[in-house]
Amino acid sequence: MRRHIEFSTELRNDHGFVGVDMTPSRLVGAEGFALTDMRPAGKIVIDGQKPLDAVAVMDFINAGCRVKVTRYENAQLYVEQL
């Protein structure tokens with residue numbers, strides 16, 4: 001008889017388990033600007049918030065260019081130049 005221990009195990013922070021923060025997913029569709037050159041990764045700013053890590057979907061993006069968040073996947077923001 002097999003016991004399904006995986007169904008009764010609780011993954012808690014105080015036991016060292018860490019979940020992925022899904023808060024940045026709300027930024028999909030938001031526009032901002034590249035704070036640094038994105039070759040392909042760099043920093044972006046949206047609505048004056050603190051800088052966020054992001055990856056350019058296509059080509060490199062120069063600092064100062066307007067960008068739009070296209071998706072949030074694997075705890076990473078992806079942007080395209082506007």
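This text walks through a predicted model, from its overall fold to its core and one contact of a charge with a ring.

Start with the secondary structure. The chain has one helix and five strands. In sequence order the pattern is α-β-β-β-β-β.

Next, the overall dimensions. The radius of gyration is 18 Å, whereas a compact globule of 82 residues would have a value near 12 Å. Along the principal axes, the C-alpha atoms fill a box of roughly 60 × 25 × 20 Å.

Now the surface and the interior. The chain exposes an accessible surface of about 6,100 Å². Carbon and sulfur atoms contribute 53% of that area. Of the 82 residues, 26% are buried. Among contacts with a separation of 6 or more, 38% join residues 24 or more positions apart.

In soluble globular proteins, nonpolar side chains tend to be buried together. Here the largest nonpolar core holds 16 residues. Met38, Ile44, Ile61, Leu77 and Val79 touch the most other members. Three strands each give two or more residues to this core: β3 (52–56), β4 (66–73) and β5 (76–81).

Which residues is leucine 77 in contact with, leaving aside its neighbours within four places in sequence? The list comprises Pro24, Leu27, Ile44, Leu52, Asp53, Ala54, Val55, Val69, Arg71 and Tyr72. Ile44, one of these partners, is also among the core members that touch the most others.

Arg71, another partner of leucine 77, has a second role to note. Arginine 71 lies over the face of tyrosine 78, at 4.0 Å from the ring centre. As for ring-to-ring pairs, a search of the whole structure finds zero aromatic pairs.

Definitions and conventions
Residues numbered from 1 in each chain as written. Predicted model: local features only at pLDDT ≥ 70, side-chain atom pairs only at ≥ 80, totals over all residues. Heavy atoms only, no water. Phe/Tyr/Trp six-rings, centres within 6.5 Å; stacked < 30°, edge-to-face > 60°. Lys NZ or Arg CZ within 6 Å of the ring centre and 35° of its normal. Helix = DSSP H or I, 4+ residues; strand = E, 2+ residues; numbered from the N terminus. Rg over C-alpha atoms; globule rule 2.2 N^0.38 Å. Buried < 20%, exposed > 50% of the residue type's maximum accessible area, 1.4 Å probe, protein only. Contact = heavy atoms within 4.5 Å. Areas by Shrake-Rupley, 256 points an atom, 1.4 Å probe, with all protein chains shown as cover. Core = buried A, V, L, I, M, F, W, Y, C linked by side-chain atoms within 4.5 Å.
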